[in-house]
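Trainee: Hi! Could you walk me through this one? I'm new to it.

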Amino acid sequence: MTAYAELRAQLETLTTEAFRPELAEIDRLSTLDIARTMNAEDATVPAAVAGQLPRIAAAVDAIAARMSRGGRLVYAGAGTAGRMGVLDASECPPTFNTDPAQVVGLIAGGPRAMVRAVEGAEDSKELAAEDLTALALGADDTLIGISASGRTPYAIGAVEFARGRGALTVGLSCNAGSALAAAAEHGIEVVVGPELLTGSTRLKAGTAQKLVLNLISTITMIRLGKTYGNLMVDMRSSNEKLRARARRIVALATGAPDAEIEAALASTAGEVKDAILVILGGVDGPRAAELLTASQGHLRAALAQTR
């Protein structure tokens with residue numbers, strides 16, 4: 001069997017690559033009917049994710065434990081899967097005030113692959129090893145390999161390399177019994193079924209990956225004390241809109257008048273979490289910073305020390 005024939009045979013076994021004859025004439029439908037069909041397909045994705053929630057929760061607890069020791073969260077994937085990882089990583093600094101090096105997204109082929117396909121990059125386990133070597137991946141870090149098919153060499157190679165370094169590993173795919181999930185300590189397989197366009201895994205599979213990564217990064221940050229209730233108290237006020245949001249968050253958390261909020265933010269150099277502690281704990285800015293450092297950034301624990 002030729003390499004091409006072998007690959008074709010492999011693809012034909014994947015749910016994400018399956019052909020749907022009932023949609024063979026979708027191009028003849030009205031635009032509204034196509035939109036309704038796509039929307040109905042998308043509506044099935046959350047249920048598929050729900051079936052993996054226990055596995056997702058177990059992975060989050062393990063990730064949070066590593067990150068609380070200073071470890072990093074690293075995503076690795078190719079194509080759409082890689083872009084989903086880079087997107088999630090890039091949103092963590094403004095949302096949770098993380099260091100850009102704390103949550104990292106790797107895409108096969110490097111940054112240019114975000115906007116233009118880099119042919120062949122996904123087929124290289126060696127490239128994944130090179131990328132992770134450059135990051136100096138270590139035992140306190142977590143590597144999440146992302147691949148709709150669950151067979152992408154770059155994602156599998158990343159997981160295998162990470163396990164060899166003692167890092168925590170998670171494999172996120174959209175096919176059952178995937179090689180990626182088997183290679184990782186935590187396998188998450190969100191089986192969304194065949195795509196509307198045969199093999200176009202930027203559709204349901206991409207949506208599923210986005211939902212799972214939202215769950216992983218958001219809940220991990222909650223566990224790390226990056227929120228107070230459902231308020232983003234560790235957000236970075238880097239523009240006027242975010243500065244206005246910072247004032248609103250302090251107001252929602254404390255119920256304090258505007259003047260007191262402005263004074264608290266001024267005394268903490270604009271740090272939202274510190275300002276809330278100043279108001280609710282009755283301490284000054286430097287003391288708020290000390291208490292938060294002692295409580296590893298957990299606002300509730302810091303507040304308990306003021307009572």
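Mentor: Happy to. Let's begin with a term: two strands pair if DSSP finds at least two bridges between them. Helices (H or I, at least four residues) and strands (E, at least two) are DSSP runs, numbered from the N terminus. Residues are numbered from 1 along each chain as its sequence is written, and side-chain values use heavy atoms, with hydrogens and water left out. This is a predicted model, in which local features need pLDDT of at least 70 and side-chain atom pairs count only at pLDDT 80 or more, while totals for chains, interfaces and linings use all residues.

Trainee: Thanks. So which residue is the bridge partner of Leu73 in S2?

Mentor: That is Val103. S1 and S2 are parallel partners, with 5 bridges between them.

Trainee: And in S3, what's the bridge partner of Leu73?

Mentor: Thr142. S1 and S3 also pair in the parallel sense, over 5 bridges. From there you can step on to S4, where Thr142 has Leu168 as its bridge partner. S3 and S4 run parallel and are joined by 6 bridges.

Trainee: What order do the strands take in the sheet?

Mentor: The order is S2-S1-S3-S4-S5, an open sheet of 5 strands with parallel pairing. Strand S2 (103-107) and strand S5 (186-189) are the edge strands, each pairing on one side only. On average, neighbouring strands are turned by 15 degrees against each other, direction ignored. For angles like that, axes are lines fitted to C-alpha atoms, for helices over the stretch in contact, and the angles run from 0 to 180 degrees between N-to-C directions.

Trainee: How many bridges join S4 to S5?

Mentor: There are 4, and strand S4 (residues 168-173) runs parallel to S5. One spot to look at is Gly171, which stands opposite Gly187 in S5.

Trainee: Which helices sit on the sheet?

Mentor: Helix H4 (residues 53-67) lies across strand S1 (73-77), S2, strand S3 (142-147), S4 and S5, at about 140 degrees to S5. Helix H7 (residues 153-164) packs on the sheet too, touching S1, S2, S3 and S4, and its direction makes about 160 degrees with that of S3. Contact here means heavy atoms within 4.5 Å.

Trainee: Is S3 buried or exposed?

Mentor: Buried: that holds for 6 of the 6 residues of S3, so the strand is largely enclosed by the rest of the structure. Buried means under 20% relative accessible area, exposed over 50%, and partly exposed in between (1.4 Å probe, protein chains only). Thr142, Ile144 and Ile146 are on one side of S3 and Leu143, Gly145 and Ser147 on the other, all buried, so both faces are covered.

Trainee: Why do they split up like that?

Mentor: In a regular strand the side chains alternate between the two faces of the sheet. You can see a split in S5 as well: His186 and Ile188 point one way, Gly187 and Glu189 the other, and all are buried.

Trainee: And how many residues of S2 are buried?

Mentor: 4 of the 5, so S2 is largely enclosed by the rest of the structure.

Trainee: Changing topic: how many cavities of 30 Å³ or more are there?

Mentor: The search of the whole structure finds 1, with a volume of about 40 Å³. On a 1 Å grid over the protein atoms alone, a cavity is a set of points where a 1.4 Å probe fits but cannot get out, and a pocket is an open set with protein on both sides within 12 Å along at least five of seven lines; lining residues have an atom within 4 Å of a point. Grid points are joined across faces, edges and corners, and a volume is the space filled by probe spheres set on the points.

Trainee: What lines the largest cavity?

Mentor: Met38, Glu41, Asp42, Glu195, Leu196, Leu203 and Lys204. Helix H2 (residues 31-42) gives the most to that lining, with 3 residues.

Trainee: One last thing: where is Asn97?

Mentor: Asn97 is in the loop between helix H5 (79-96) and S2. It has a positive phi of about 60 degrees although it is not a glycine, and it is partly exposed, with a relative accessible area of 21%. Most residues other than glycine have a negative phi.
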